[in-house]
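Hi everyone, thanks for making room for me today. I'd like to walk you through one structure, so let me put it up on the screen.

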Amino acid sequence: MNDVRSYVPPFKLGEAMDGGAVGYVVASEAEGFAPGDAVLHGLGWREYATLDARRAVKVDPAAAPLSAYLGVLGMTGLTAYAGLLAVGGLKEGDKVFVSGAAGAVGGMVGQIAKLKGASLVVGSAGSAEKVAKLVDAYGYDAAFNYKDGPVAEQLAQAAPDGIDLYFDNVGGDHLEAAIGALTVHGRAVLCGAIAQYNETTAPAAPRNLALAIGKRLRLEGMLVGDHAALQPQFVAEVSGWLKSGELRSEETVVDGFERTADAFLDLLRGVNTGKMVVRLDG
Ligand SMILES: NC(=O)c1ccc[n+]([C@@H]2O[C@H](COP(=O)([O-])OP(=O)(O)OC[C@H]3O[C@@H](n4cnc5c(N)ncnc54)[C@H](OP(=O)(O)O)[C@@H]3O)[C@@H](O)[C@H]2O)c1
């Protein structure tokens, strides 16, 4: 949000925030969009938005609950799917580590890894409840609370033979631990670095990047926007898993427009499991 070089333009003081939203058309001058149509767009953080029809996508409320188009069947889901499969190149038998594992993206990454034949899936999250859920509900083979002790030590316990693929939502000491645990020719998908988002000083970790040389690691950043071509395959496969019950999708729903900022802060504090969604008008 701040005025530094990143893939998102700096937010401007005094202007409305934006972000993914789904809602119903109230009035339209555009062909193909009529009042009552459900649409997905990027002008959230407000009760009503006026936008060009090219910036809205019609969605089908009969096929899935509207919020699914923000989460499991939307940008979040595609991030997990494309990051793990297209960028990470998940192979059957891979040992996988996911940080932010009970979050919107991370919860899906671990489950998809299992569905696609990973031999070990380890997740880290920030509370005992989340850790229990990862193993009991999401099918992770092992999970730990990164607040209980050094990530590197807890990861070594959970994956004593190392990991082949790391899906990074967190950065910092999680990335350092993963670089240490990755096997030769291991891969890391750099999706997010939430441990750093509110820091005002440069991160202290990873301090062991040079290990990447000897281990011939591949660390690759990803942006979901590069993977639009995967959208049809992603929707088909993920909808199938949802229908068969093989994939669980969770949301943390906060009611009331006036609670939007609190919901955002709570996401940074780890209050959410799965996608954080703010619902306006029931
Ligand atoms: N590259 C892309 O195209 C792309 C697209 C979408 C999202 N992302 C990134 O992917 C990551 C996950 O996004 P999401 O939407 O799924 O969010 P999310 O995981 O649902 O929510 C954030 C979670 O991060 C954890 N967290 C907060 N501070 C932390 C810290 N200091 N250390 C470790 N964990 C911390 C919290 O869970 P705990 O209770 O476990 O701490 C919190 O619930 C974010 O970094 C996001 O920026 C990238």
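Find Asp255 and look straight across from it: Arg279, in strand 11, stands opposite. Those two residues sit in a pair of strands, strand 10 (residues 251–255) and strand 11 (residues 275–279), which run parallel and are joined over 5 bridges. And what lies on the path from strand 10 to strand 11? Helix 8 does, and together strand 10, helix 8 and strand 11 make up a right-handed β-α-β unit. Before I go on, please keep in mind that we are looking at a predicted model.

Now to the sheets. In general, the strands of a sheet pair through backbone hydrogen bonds, in either a parallel or an antiparallel way. This structure lets us see both.

Let's take a parallel one. Here 6 strands form an open sheet, and if you walk across it the order is 6-5-4-7-8-9. Which strands stand at the edges? They are strand 6 (142–145) and strand 9 (218–221); each has a single partner strand, so one side of each is left with no neighbour in the sheet. As you step from one strand to the next, the twist averages 15°. If you want a spot to zoom in on, try strand 5 (residues 120–125), which pairs with strand 6 in the parallel sense over 4 bridges. There you'll see Ala125 with its bridge partner in strand 6, Asn145.

For the antiparallel case, look at the open sheet of 3 strands, in the order 1-2-3. Its edge strands are strand 1 (21–24) and strand 3 (57–58), each pairing on one side only. Strand 1 and strand 2 (residues 38–41) run antiparallel and are joined by 4 bridges. Within that region, Val22 stands opposite Leu40 of strand 2.

While we're here, follow the chain into the loop between strand 2 and strand 3, where you'll find Trp45. Its phi is near 65°, which is a positive value in a residue other than glycine. Another backbone detail is the cis peptide bond joining Ala205 and Pro206, with omega at about 10°. Pro206 is in the loop between strand 8 (182–190) and helix 6 (211–214).

Last stop: the ligand. Which residues come nearest to it? Of the 25 residues around the ligand, the nearest are Val105, Lys130, Tyr146, Tyr197 and Asn272. Tyr197 also puts a polar side-chain atom 2.7 Å from an oxygen atom of the ligand. The backbone takes part as well: a polar backbone atom of Gly126 is 2.8 Å from an oxygen atom of the ligand, and one of Leu268 is 3.4 Å from a ligand nitrogen atom.

How much of the ligand does the protein bury? Taken alone, the ligand exposes 920 Å², and the protein buries 87% of that. Two or more residues of the shell come from each of helix 1 (75–87), helix 2 (104–115) and helix 8 (260–269). You've met helix 8 already, in the β-α-β unit. As for the kinds of residue in that shell, there are 16 nonpolar, 8 polar and 1 charged.

That's my tour. Thanks for listening, and do have a go at turning the model around yourselves!

Note on methods. Residues are numbered from 1 along each chain as its sequence is written. This is a predicted model: local features need pLDDT of at least 70, side-chain atom pairs count only at pLDDT 80 or more; totals for chains, interfaces and linings use all residues. Side-chain values use heavy atoms; hydrogens and water are left out. A residue is near a molecule or strand if one of its heavy atoms lies within 4 Å of it. A polar contact is a pair of N or O atoms within 3.5 Å; within protein, one must be able to donate a hydrogen and the other to accept it, and residues adjacent in sequence count only if both atoms are side-chain atoms. Accessible areas come from the Shrake-Rupley method with a 1.4 Å probe; for residues, only the protein chains shown count as cover. Ala, Val, Leu, Ile, Met, Phe, Trp, Tyr, Cys and Pro count as nonpolar, Asp, Glu, Lys and Arg as charged, and the others, Gly among them, as polar. Two strands pair if DSSP finds at least two bridges between them. A crossover is right-handed if, with the strands pointing away from the viewer, the path from the first strand over the helix to the second runs clockwise. Axes are lines fitted to C-alpha atoms, for helices over the stretch in contact, and angles run from 0 to 180 degrees between N-to-C directions.
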